[in-house]
Amino acid sequence: MDTGGNSLPSGPDGVKRKVSYFYDPEVGNYYYGQGHPMKPHRIRMTHALLAHYGLLQNMQVYKPLPARERDLCRFHADDYVNFLRSITPETQQDQLRQLKRFNVGEDCPVFDGLFSFCQTYAGGSVGGAVKLNHNICDIAINWAGGLHHAKKCEASGFCYVNDIVLAILELLKQHQRVLYVDIDIHHGDGVEEAFYTSDRVMTVSFHKFGDYFPGTGDIRDIGYSKGKYYSLNVPLDDGIDDESYHFLFKPIIGKVMEVFKPGAVVLQCGADSLSGDRLGCFNLSIKGHAECVKFMRSFNVPLLLLGGGGYTIRNVARCWCYETGVALGTEVDDQLPQHEYYEYFGPDYTLHVAPSNMENKNTRQLLEEIRNNLLDNLSKLQHAPSVQFQERPPDTELPEADEDQDDADERWDPDSDMEVDEKRPIPSRVKREAIEPERKDSEALKGTAEQARGFDNMATNETLSTKSVDVRPMAIDEPTVKVEQETSNKASDPIYPKS
């Protein structure tokens, strides 16, 4: 009997988890430009590790359908999305005013395939939310997502489209309350801003604060109006280690889960909070970072795991591979398997790397003050907010898939003659044919989704948009696996001035 997608019992909860994993083999081809620290190739490196550790066989593997323009416009402004769709490296010099208006050009450069890249990573995150909403999995993973800085009308911090906000909006169709937790070293400002006046989404961000991008995330920023006390910010200093981090993370998140009682959780797993990150200044080990995933998993609440920052790409791949194992309840061996990117991980060729001996500037007194302050704020939330029962947005409907077909080809088979990658240099400019997958008419799909109780359309419209939010169904993909072809450009880049 096939058990694909069922993880092993693990930890104190000891409950099996079914995991859906989203990956597009083209994602590693996108290139921000010479010297830019954001390298989508890290997603392909992560996928190669998962394949060679044999973890893909324990998950349902999906290639996401690209998010459509109207899906992106559920949060982003129409003119901003139109700009992202139309701008190219060849035409950008003719649109200088628009580039400035939408904050595109420096940290967020124009590159070949930019809009397709946005559609791909957003499609994976929304697709994961749809799988969770339809109870197809317990945990959904999209390491290409987690781009938490993007705003309604502008790009920011290497992020163009805020896939996290879009995924949360999808989850809100099914769940009264959604919790967002951010362990990237940078403040999750775009997500916090989107839901700052809502009591249906609680945002909790653990980040470096003080003369550091994006400059927001003060502990005194707690939300506004109905959203007061539903934004939590945990400001940290350089050198925080595993012990200090979890002195805050576990009691704060434990209290949040008790008081807020979310129906679903989104965890942004930015890996720039790891020790030795090219742009970061924390001192977390991979196991310390992954302990956050393990802790969130223990609550047995539908969980969406997303990527985010991370600029020492060999450590990003290590981290997200290990955290995929944590999601599955599978302990992976420290010795890395031979694979096409093996040379990146020398001289030790191990999954785990020791943290440094850098100074931890987070004193116990400071940590206690932060913890007490935030626990006090949480005590002011008497109970989980109720949601008025009104007409709810329609479900994003899920095409019915043939089970035999799912089982036959959706997982990577180590015994097959398919190569995960062929050695081939990456072209400096990506040329892609966009083939739009055929979508079934939404009317023909009516009734396939589970109809849940109607919830309030959203308690977020004060911040999301002055216009009504488009909540029409977003198409979701059929399981598939494709052979990806490319390797990496390993040339060392100069240190980038901003994160």
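The dialogue below reads selected features of a predicted model.

User: How many helices and strands does the chain have, and what share of its residues is buried?

Analyst: The secondary structure comprises 13 helices and eight strands. Of the 499 residues in the chain, 61% are buried. Among the contacts with a separation of 6 or more, 83% link residues 24 or more positions apart.

User: How should one read the two faces of strand β1, and which residues lie on each side?

Analyst: In a regular strand, side chains alternate between the two faces of the sheet. In β1, residues 19-22, one side carries V19 and Y21, while S20 and F22 are on the other. These four residues are all buried, and both faces of the strand are thus covered.

User: Which strands pair with β1, and in what sense?

Analyst: Strand β3, residues 139-142, pairs with β1 in the parallel sense over three bridges. Strand β2, residues 60-62, also runs parallel to β1 and is joined to it by three bridges. S20 serves as a point of reference: A140 stands opposite it in β3, and Q60 is its bridge partner in β2. In addition, β1, helix α1 (residues 41-53) and β2 form a β-α-β unit that is right-handed.

User: What span is expected of helix α11, and where do its buried residues lie?

Analyst: The expected span follows from a rise of 1.5 Å a residue: the 16 residues of α11 (residues 364-379) should cover 22 Å, and the end C-alpha atoms are 22 Å apart, which agrees. The buried residues of α11 are L367, I370, L374, N377 and L378. Viewed down the helix axis, they fall within an arc of 100 degrees, so they line one face of α11. Their cover includes β5 (201-208), β6 (231-236) and α8 (242-260).

User: How does α8 read by the same approach, and what do its buried residues pack against?

Analyst: At 1.5 Å a residue, the 19 residues of α8 should span 27 Å; the end C-alpha atoms are 26 Å apart, which agrees. Its buried residues include Y245, L248, F249, I252 and I253. The elements against which the buried residues of α8 pack are β4 (178-182), β5, β6, β7 (264-268), α9 (286-297) and α11.

User: How many residues does the largest nonpolar core have, and which have the most contacts inside it?

Analyst: In soluble globular proteins, nonpolar side chains tend to be buried together. Here the largest nonpolar core has 142 residues, and Y160 and F206 have the most contacts inside it. Leaving aside residues up to four places away in sequence, F206 touches, among others, V181, I183, V234, L236, Y245, L248, F249, I252 and I253.

User: Where is phi positive in a residue other than glycine, and is that residue buried or exposed?

Analyst: N135 has a phi near 55 degrees. It is found in the loop between α5 (114-133) and β3, and its relative accessible area of 56% makes it exposed. K261 is not a glycine either, and has a positive phi of about 50 degrees. It is in the loop between α8 and β7, just after α8. At 47% relative accessibility, K261 counts as partly exposed.

User: Which peptide bonds are cis?

Analyst: The bond from F213 to P214 is cis, with omega near 0 degrees; P214 is in the loop between β5 and β6. A cis bond also joins G346 and P347, where omega is about 5 degrees. P347 is in the loop between α10 (313-328) and α11.

How values were computed. Residues numbered from 1 in each chain as written. Predicted model: local features only at pLDDT ≥ 70, side-chain atom pairs only at ≥ 80, totals over all residues. Heavy atoms only, no water. Buried < 20%, exposed > 50% of the residue type's maximum accessible area, 1.4 Å probe, protein only. Pairing = 2+ DSSP bridges. Right-handed = clockwise from strand over helix to strand, strands pointing away. Expected span 1.5 Å × (residues − 1). Arc of directions from axis to C-beta. Contact = heavy atoms within 4.5 Å. Core = buried A, V, L, I, M, F, W, Y, C linked by side-chain atoms within 4.5 Å.
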